[in-house]
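Hello,

Here is the structure I said I would pass on. My notes on it follow below.

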Amino acid sequence: MKVLNDWRLIILLCLTLGLAPFFPEPHLFGKIRWISGGANGMEPKDYFDVLMHGFPFVLLIRLLILKLKK
């Protein structure tokens, strides 16, 4: 459980897995734009991809909430 509360690891995950590939735009931003546009043509693997790239940010938000609660 200590790994889920390590700031350095979570920020590293956000900057690497969360934003990869970086060019021409971060992959997660493109997927979110696709979903907000109606998600036409998305397959289950695309939704899994959003979860995989978005999970580090979920951990970061969780950690921020826990710190603000204290």
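Is Lys31 buried or exposed? Lys31 is buried, because its relative accessible area is 9% and the cut-off for buried is under 20%. This lysine is part of helix α2. Apart from neighbours within four places in sequence, Lys31 has contacts with Asp46, Asp49 and Val50.

Please keep in mind that the model is predicted. The mean pLDDT of the protein chain is 90, and 100% of the residues reach at least 70. Helix α2, residues 27-36, has the lowest confidence, with a mean of 90; helix α3, residues 44-69, has the highest, at 93.

Next, the backbone. Two peptide bonds that lead into prolines are cis: the one from Ala20 to Pro21, with omega near -20°, and the one from Phe23 to Pro24, with omega near 5°. Pro21 sits in the loop between α1 (7-16) and α2, and Pro24 is likewise placed in the loop between α1 and α2.

The loop between α2 and α3 holds Ala39. Phi of Ala39 is positive, near 60°, in a residue that is not glycine. Why does Ala39 count as buried? Its relative accessibility is 15%, and buried means under 20%, so Ala39 falls in that class.

If you look at the backbone first, the places to check are the bonds from Ala20 to Pro21 and from Phe23 to Pro24, then phi of Ala39.

Regards

Technical notes. Residues numbered from 1 in each chain as written. Predicted model: local features only at pLDDT ≥ 70, side-chain atom pairs only at ≥ 80, totals over all residues. Heavy atoms only, no water. pLDDT = per-residue confidence, 0-100. Helix = DSSP H or I, 4+ residues; strand = E, 2+ residues; numbered from the N terminus. Buried < 20%, exposed > 50% of the residue type's maximum accessible area, 1.4 Å probe, protein only. Contact = heavy atoms within 4.5 Å.
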